[in-house]
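User: Please take a close look at one helix in this model, and then place that helix in its surroundings. I am a first-year student, so keep the explanation plain.

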Amino acid sequence: MIAAALASIGRPVLAGLAAVGRVARFAGEAITHLIRPPFYLREFGHSLLQIGWFSLPVVGLTALFTGGALALQIYSGGARFNAESVVPSIVAIGMARELGPVLGGLMVAARVASSIAAEIGTMKVTEQIDALVTLSTNPMKYLVVPRVLAATLAVPVLVAVGDSIGIMGGWLVGITRLDFNSAGYLKTTTDFLETWDVASGMIKGAAFGFIVALMGCYFGMNSARGAQGVGAATKSAVVAASVLILAANYLLTEVFFTS
Amino acid sequence: MIELSAVTKTFGANRVLRGVDLILPRGQSMVVIGGSGTGKSVLLKCILGLVRPDAGRITLDGEDVAKAERDAFLARFGMLFQGGALFDSLRVWENVAFRLMRGAKAMPPDAARAIALEKLRRVGLTPAVADQYPAELSGGMQKRVGLARAIAAEPEIIFFDEPTTGLDPIMSGVINALIREIVVEMGATAMTITHDMSSVRAIADRVAMLHAGVIQWTGPVADMDAAPDPYLQQFIHGRADGPIESVR
């Protein structure tokens, strides 16, 4: 009875640990291939375009509306203790440190992790990955490394652009709906925003980009057969990337801001 | 020469290969036949190292393939996959020239494209196809592109996995004839997997029948019809009655 109960707890724990081990090994393999030739520059460029440039509209729109909503919330919350004037500084710090990287990361996870997992999963079930191997091309180098590197480099830039658009969203709402003076709003923003606020958000973005591409590639490469297998891989990639982004965000915030 | 000795492979509870012994002599065209799900593709993938056998030994010219230097080993092979396995994101000529543009002996794109066009012509496709994407081609054309890719680097050994599956009889005949011509012309060693008997008769020098995880029968194609093996006879004549269960 007790043994059966322990076994029912132990089995999923062991399965979970085994999955963590497989992902860690996959990540380690990807990192070692990152620094060893051959390098596929064309695939890297293509990935950079797909992950970075084409994610710009969704990240920009998310940041714009978030910055605007944040300004309204801080204004209405701050009014309870006569602190409406903190809107510009809180919007800037909130966007740069937290909302820019986290929401940007989650939007990229939804858009990119799903797309990578579906593409690589389809390649797996249609034997294209086997074909790569028979053509003396390592799939880790050809498929995984360019995507992981592109996402790790592109997402921080997306975060920086998203921060700017988010702050602009707050400014727009501030001057059109909350009676802020435009020059005053911008001066408060620049006075309070520190380099580290932006840099920490960009570092988070790099970590989130790595997570997004890694999860897309891992679940794609391990996709089961058929449309259902590819669908399941896509779903798992998005869920895992999103959860890991939130967990990594907490850990990085602890490291950056609590010492 | 490729030699398999007591090769086994199990997936979960499914013992697919149960001790396969097979010799493929250099310059010969071997066709492996057998019902669906009997492990024919797994056998090919074991030789190429895409699937690792649980036990047994596979050698190429006496060298254990598991210990061979991978790039040099794979450079000796070309493979036509069942569904073509063409890379969707690349144009037809880039698919054909894929190997030529990579590795230590990578060619400049212009030279690789010229060879790709020549190989496409060899399989009966015009240069107009070269700049299209695989999704724009019919199934038969995709097979031809796959065939062009398999022979682009003029490999010593070519594997064909179900080369005529999904094609109409005329296109099947065209592909079979192309395979035979190319194998003879290049002097390549070939292994083809199929359950299409017209392919067997068109392509094979030797035939091996895989059943229940072992080689049930092997011999020259000329001996196939007269062979007394009841499994082989049931299979080549497509009879529902016989020692092979029709419901598997």
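Analyst: The helix to look at is α1 of chain A, residues 2-34, and its length can be checked by simple arithmetic. At 1.5 Å a residue, its 33 residues should span 48 Å, and the end C-alpha atoms are 48 Å apart, so the expected span and the model agree. The expected span is 1.5 Å times one less than the number of residues. Note that this is a predicted model.

Is this helix covered or not? α1(A) is hardly covered: of its 33 residues, two are buried. To count as buried, a residue needs 20 or more other C-beta atoms within 10 Å of its own. For chain A as a whole, 45% of the 259 residues count as buried.

The surroundings of α1 are helical. Chain A has nine helices and zero strands, and its pattern along the sequence is α-α-α-α-α-α-α-α-α. Its C-alpha atoms fill a box of roughly 65 × 60 × 35 Å along the principal axes. Contacts in chain A can also be sorted by distance along the sequence: among those between residues at least 6 apart, 87% join residues at least 24 apart.

After α1 comes a loop that leads to α2 (41-51) of chain A, and A:Pro38 lies in this loop. The peptide bond between A:Pro37 and A:Pro38 is cis, with omega at about 5°.

Two other loops of chain A hold residues with a backbone angle worth noting. A:Asn82 sits between α3 (56-78) and α4 (87-125) of chain A. Its phi is positive, about 55°, although A:Asn82 is not a glycine. A:Asn82 counts as exposed because it has 7 C-beta neighbours inside 10 Å. A:Asp179 is in the loop between α6 (139-177) and α7 (182-192) of chain A, and its phi, near 60°, is likewise positive in a residue other than glycine. With 9 C-beta neighbours inside 10 Å, A:Asp179 also counts as exposed. The cut-off for exposed is 12 or fewer.

Chain A does not stand alone: 10 of its residues are in contact with 15 residues of chain B. On the chain B side, the elements giving two or more residues are α2 (70-74) and β6 (77-80) of chain B. The chain B residues on that side comprise 10 nonpolar, two polar and three charged. For the complex, the predictor gives an ipTM of 0.89 and a pTM of 0.89.

Chain B has strands. Four of them form an open sheet in the order β2-β1-β4-β5 (chain B), with antiparallel pairing. Its edge strands are β2 (14-24) and β5 (63-64) of chain B, each paired on one side only. Within the sheet, five bridges join β1 (residues 2-11) to β4 (residues 55-60) of chain B; B:Ile2, for example, has B:Leu60 in β4(B) as its bridge partner.

The largest nonpolar core has 73 residues, and B:Val32, B:Leu43, B:Val96 and B:Ala116 have the most contacts inside it. Helix α5 (residues 139-151) of chain B gives the most to this core, with six residues. A second, separate core has 67 residues, including A:Val108, A:Ala113, A:Tyr218 and A:Ala241.

Notes. Residues numbered from 1 in each chain as written. Chains lettered and ligands numbered in written order. Predicted model: local features only at pLDDT ≥ 70, side-chain atom pairs only at ≥ 80, totals over all residues. Contact = placed C-beta atoms within 7 Å. Helix = DSSP H or I, 4+ residues; strand = E, 2+ residues; numbered from the N terminus. Nonpolar A, V, L, I, M, F, W, Y, C, P; charged D, E, K, R; others polar. Core = buried A, V, L, I, M, F, W, Y, C linked by C-beta atoms within 7 Å. Pairing = 2+ DSSP bridges.
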